[in-house]
Amino acid sequence: MMNAARHHDRDAPPDDGAIAHGQGSFFGRRKGHKLRAHQADLIEHLLPHLALDIASPAPASLTELFDDKVEDVRLEIGFGGGEHLVAEARAFANIGFIGCEPYVNGMAKILTQIEAHNIGNIRLFAGDAAELLAWAPSQSMRRIDLIHPDPWPKRRHWKRRFVQDATVAAMARVLKGGGEFRFVSDIDDYCAWTLWHLMRAPDFTWLAERASDWQAPWPDYTMTRYGAKAEREGRRATYLRFRRAG
Ligand SMILES: C[S@@+](CC[C@H](N)C(=O)[O-])C[C@H]1O[C@@H](n2cnc3c(N)ncnc32)[C@H](O)[C@@H]1O
C-alpha cells in the first residue's frame, strides 16, 4: 500500500526556480541543482541538435526525425535520469526514441550518456508530454512508456496526474494500431487510477492474463532511479501494459 508520508516530498509545491502551470498537464520542477560546466555545455551545444521543435509542424512520419533509418518510434514520458531510455535505445538501434523530460538536470544527465555512448537514436523534448502528444501525427508511435510518474497522492492534486481521460485519448490518437502504452508505478492508488482510466477508454485493452503479468517487469526491463528507491523503501512496483486497438 502507498505510504503517503513517504511521498510528502513529491507532493510539495514546486521550488528551486520551479514553475507550475495549469493549462497543460505539467506541474513540477524544471530547474534544480546547478549544472556542472560540461553539462551546461551539452545543454547549450548538443541539445539543440537533438531537441524537437514543436513550434514547427511535425514531419509526416516521426521516423524522419532520425539520421539513420529506424523502423518505428517510441516515446518515454518523464525519463528522469534516463536509465531506462538509454538502455532501450542502446538495445534497439533500429528504433527511434523520443525522450520527454522538463527537468533540466534529467536532460543534462541523458545528454552526458548520449555523448559517452555515441547514441544516435534518441531525440529529446524538454517540456510537457501533453504538448508533444498534441504535436505528433496520428498513429505515429509504436509504444509510449510512463515510468514512475509523479504520483500526486493527495485527492485535491489528482487532476495533476499525467493519466487523465484527455491524455489517454491523446495517446490513443498517436499510437499505431497494435501499439502499446506501458505504465509502471509503486503507488497502488495511481495504478488503480490508471487501470480505471484505460479500461474505460474504448481504444485500449489491458494485456494481463495472470497476476505475474502485472507483478513482474517485462523481460529486459531496466530499473530506474525511482524504481530502485521504491524497492529500497519496501514498495513493489506494478507493471501495466495496454494494447491500442486496430
Ligand atoms: C517521479 S519522476 C520519475 C523519473 C523516472 N521515470 C524514474 O522512474 O526514475 C517523474 C518525472 O516525470 C517528469 N514529468 C512530470 N510531468 C511531466 C509531463 N507532463 N511531461 C513530461 N515529463 C513530466 C518529472 O520532471 C520527473 O522527472
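Helices (H or I, at least four residues) and strands (E, at least two) are DSSP runs, numbered from the N terminus. The structure in the viewer is a predicted model, in which local features need pLDDT of at least 70, side-chain atom pairs count only at pLDDT 80 or more, and totals for chains, interfaces and linings use all residues. Residues are numbered from 1 along each chain as its sequence is written, and side-chain values use heavy atoms, with hydrogens and water left out.

**Stop 1: strand β6 and I147**

Select residues 141-147, which form strand β6; I147 belongs to this strand. I147 is buried, since its relative accessible area is 5%; buried means under 20% relative accessible area, exposed over 50%, and partly exposed in between (1.4 Å probe, protein chains only). Next, add Y239 to the selection. I147 and Y239 stand 92 residues apart in sequence, yet their C-alpha atoms are 9.1 Å apart in space.

**Stop 2: the loop between β6 and α6**

Move on to H148, which is found in the loop between β6 and α6 (165-174). H148 is not a glycine, but it has a positive phi of about 45°. H148 counts as buried because its relative accessibility is 8%.

P149 is placed in the loop between β6 and α6 as well. With 7% relative accessibility, P149 counts as buried. Display V184 together with P149: the two are 35 residues apart along the chain, and their C-alpha atoms are separated by 7.9 Å.

Then select Q164, which also lies in the loop between β6 and α6. Is Q164 buried or exposed? At 17% relative accessibility, Q164 counts as buried. Its side chain can be followed to two backbone oxygens. That of W158 is reached by the side chain of Q164 at 2.9 Å, and that of K159 lies 3.0 Å from a polar atom of the Q164 side chain. Polar contacts are pairs of N or O atoms within 3.5 Å; within protein, one must be able to donate a hydrogen and the other to accept it, and residues adjacent in sequence count only if both atoms are side-chain atoms.

**Stop 3: the ligand**

Show the ligand and the residues around it. The ligand is surrounded by 21 residues, and the closest are G78, E101, A129, I147 and T224; a residue is near a molecule or strand if one of its heavy atoms lies within 4 Å of it. The shell around the ligand consists of ten nonpolar, six polar and five charged residues. In this classification Ala, Val, Leu, Ile, Met, Phe, Trp, Tyr, Cys and Pro count as nonpolar, Asp, Glu, Lys and Arg as charged, and the others, Gly among them, as polar.

Which atoms of G78, E101 and Y226 should be labelled? For G78, choose the backbone N or O atom that lies 2.8 Å from a nitrogen atom of the ligand. For E101, choose the polar side-chain atom that lies 2.6 Å from an oxygen atom of the ligand. For Y226, a backbone N or O atom lies 3.1 Å from an oxygen atom of the ligand. The ligand taken alone exposes 600 Å², and the protein buries 93% of that; accessible areas come from the Shrake-Rupley method with a 1.4 Å probe, and for residues only the protein chains shown count as cover.

**Stop 4: E180, R241 and the second largest pocket**

Select E180 in strand β7 (residues 175-185). E180 is buried, with a relative accessible area of 9%. The E180 side chain makes a polar contact of 2.8 Å with the side chain of R241.

R241 leads to the second largest pocket, being one of the residues nearest its centre, along with L207, A208, E209 and D213; 15 residues line this pocket in total. Elements giving two or more residues to its lining are α8 (211-215) and β9 (238-244). The volume of the second largest pocket is about 180 Å³. Its lining comprises ten nonpolar, one polar and four charged residues.

On a 1 Å grid over the protein atoms alone, a cavity is a set of points where a 1.4 Å probe fits but cannot get out, and a pocket is an open set with protein on both sides within 12 Å along at least five of seven lines; lining residues have an atom within 4 Å of a point. Grid points are joined across faces, edges and corners, and a volume is the space filled by probe spheres set on the points.

**Stop 5: D220**

Finally, select D220, in the loop between α8 and α9 (225-232). D220 has a positive phi of about 70° although it is not a glycine. At 66% relative accessibility, D220 counts as exposed.
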